[in-house]
Amino acid sequence: MKTFGFGVQSADDKLGPIVFDQQDPRSGEVAIKITHCGICHSDLHQVRDDWGNTQYPCVPGHEVSGVVSAVGEGVEKFKVGDRVGIGCMINSCQVCDPCQRGEENYCDGPKSFTLTYNGPASPDGTNTYGGYTTDIVAREEFVLRVPDAVASEMVGPILCAGITVYSPMKHWNLQKGQTLGVVGIGGLGHMAIQLGKALGAEVIAFTRSPEKKDDILKLGADKVVISTDNAQMESMAQSLNLLINTIPVSHELDPYIALMRPNSALVVVGNLVSFPEFSPGPLVFNRITVAGSLIGGIRETQEVLDLCAEYNISPYIKMIGIDEINDVYDTLASGGDSEFRHVIDMETLRAHKAVKNDEATAIPNPDRGEVVTRK
Ligand SMILES: [Zn+2]
Ligand SMILES: [Zn+2]
């Protein structure tokens, strides 16, 4: 299947039109005509090799929304015309304990899970290409059903930002009436506020930006605390049952540990690099857990999509054309526009002159791995 997209050949390249041939759906696989793809901050890191693991060519995008265009033999869950989504994964071993539990994101098979782009999480030299493309093929277990109440342009950010904050709420068993803290009110945080309210929690938002206060209250937060104001922070001492920390860069943890009740968990989902030293004393005296969490399994991802439909939860988005993508990357890199998710309208890729005139740069074909069937 001839597929067009936008990608890079190296870390200092600008995103530009590429073309490749992807294998038609095999047995158990589904082909999707992409209508929208969200831009995640991690796309920017991956393209620029900030984590040192990028395989080039790199064609990003793991917030995919589209319509089924073909199905392989034996596919039962989907038919042509269904609205569907693909998140951060397209394959896993399906047989290890985490996969059997529906936690494919922690697959301990030989390649771990296969990322929607950039190949398997445990690299084996193969590469996959993501959703900044006209079409994508994945095995049916990794394709999400889109409920009627969720608009196609809203799907993508739920599949990355949404599941990333929802999974820790489930794992640490956030209960109705408990108090959830959310630190950093950007792409992840604004979903965490809405999802925490849907689960019946009292939600306290922590931000450095007083000008965001009204918008944060509109999202449903019960209270906004300005994290640079010591008096406000001290008034919240030992008040939280769970805290989801979405700040994507290194920062002091001690002020947040002080907010935690006994037996609570402070969960890091944004910063993968480093933290300054923090004092273990309060952790010991109050049995507080400092933990991390990575996206979520497919079953939970379907659950969060369905919850968004039920509670009318939407990400804040801004639609863009494919030609605006390099400008958006520059803005994101400088820390701007973090209060909403950019979503690419893929019709603008189909209408692009490089696609119409067949002038895109040819890149090697992707390899999405074998389809191993769950026993
Ligand atoms: Zn993402
Ligand atoms: Zn597995």
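Which residues does Trp 172 touch, not counting residues up to four places away in sequence? Keep that one in mind while we get our bearings; we'll come back to the tryptophan at a later stop. One thing before you start clicking: this is a predicted model.

**Stop 1: the whole chain**

Show everything as a cartoon. You should find 12 helices and 18 strands in the protein. The radius of gyration is 21 Å, close to the 21 Å that the globule rule gives for 375 residues, so the protein is as compact as a globular protein of that length. If you're setting up a box, the C-alpha trace spans about 60 × 45 × 40 Å along its principal axes. Switch to colouring by burial and 47% of the 375 residues count as buried. As for how the chain folds back on itself, take contacts between residues at least 6 apart in sequence: 69% of them join residues at least 24 apart.

**Stop 2: two domains**

Now make two selections. Domain 1 is 2-151 + 314-362, and domain 2 is 162-292. Their centres, taken over C-alpha atoms, are separated by 29 Å. Where they meet, seven residues of domain 1 are in contact with six residues of domain 2. The domain 1 side of that meeting has two nonpolar, three polar and two charged residues.

**Stop 3: the largest nonpolar core**

Hide the surface and look inside. The largest nonpolar core has 101 residues, and those with the most contacts inside it are Val 165, Val 182, Ala 205, Leu 242, Leu 243 and Val 267. Select 152-171 next: this is helix 3, which gives the most to the core, with 10 residues. Both domain 1 and domain 2 supply at least three residues to this core.

Then zoom in on Ala 205. Leaving out residues up to four places away in sequence, Ala 205 touches Val 182, Ile 185, Ile 193, Ile 216, Ala 221, Val 224 and Val 225. Val 182 is also on the list of residues with the most contacts inside the core.

**Stop 4: Trp 172**

Back to the opening question. Trp 172 sits in the loop between helix 3 and strand 10 (179-183). Draw its contacts, again skipping residues up to four places away in sequence, and you get Leu 242, Ala 265 and Val 267. Buried or exposed, this Trp 172? With 20 or more neighbours as the cut-off for burial, Trp 172 counts as buried because it has 21 C-beta neighbours inside 10 Å. For a distance label, try Trp 172 to Ser 235: they are 63 residues apart along the chain, and their C-alpha atoms are separated by 24 Å.

**Stop 5: a three-stranded sheet**

Select strands 1, 2 and 18. They form an open sheet in the order 1-2-18, with mixed pairing. Strand 1 (2-7) and strand 18 (361-362) are at the edges with a single partner strand each, so one side of each is left without a neighbour in the sheet. Strand 2 (residues 16-21) pairs with strand 18 in the parallel sense, over two bridges. Pick out Val 19 and you'll see it opposite Ala 362 in strand 18.

**Last stop: Pro 366**

Follow the chain into the segment after strand 18, where you'll find Pro 366. This proline is buried, with 24 other C-beta atoms within 10 Å. Setting aside neighbours within four places in sequence, Pro 366 is in contact with Phe 20, Gln 22, Asn 127, Thr 128 and Tyr 129. Finish by measuring C-alpha to C-alpha from Pro 366 to Pro 57: the pair is 309 residues apart in sequence and 9.8 Å apart in space.

Notes: Residues numbered from 1 in each chain as written. Chains lettered and ligands numbered in written order. Predicted model: local features only at pLDDT ≥ 70, side-chain atom pairs only at ≥ 80, totals over all residues. Domains from an automatic or database assignment. Contact = placed C-beta atoms within 7 Å. Nonpolar A, V, L, I, M, F, W, Y, C, P; charged D, E, K, R; others polar. Core = buried A, V, L, I, M, F, W, Y, C linked by C-beta atoms within 7 Å. Buried ≥ 20, exposed ≤ 12 C-beta atoms within 10 Å, placed from the backbone. Helix = DSSP H or I, 4+ residues; strand = E, 2+ residues; numbered from the N terminus. Rg over C-alpha atoms; globule rule 2.2 N^0.38 Å. Pairing = 2+ DSSP bridges.
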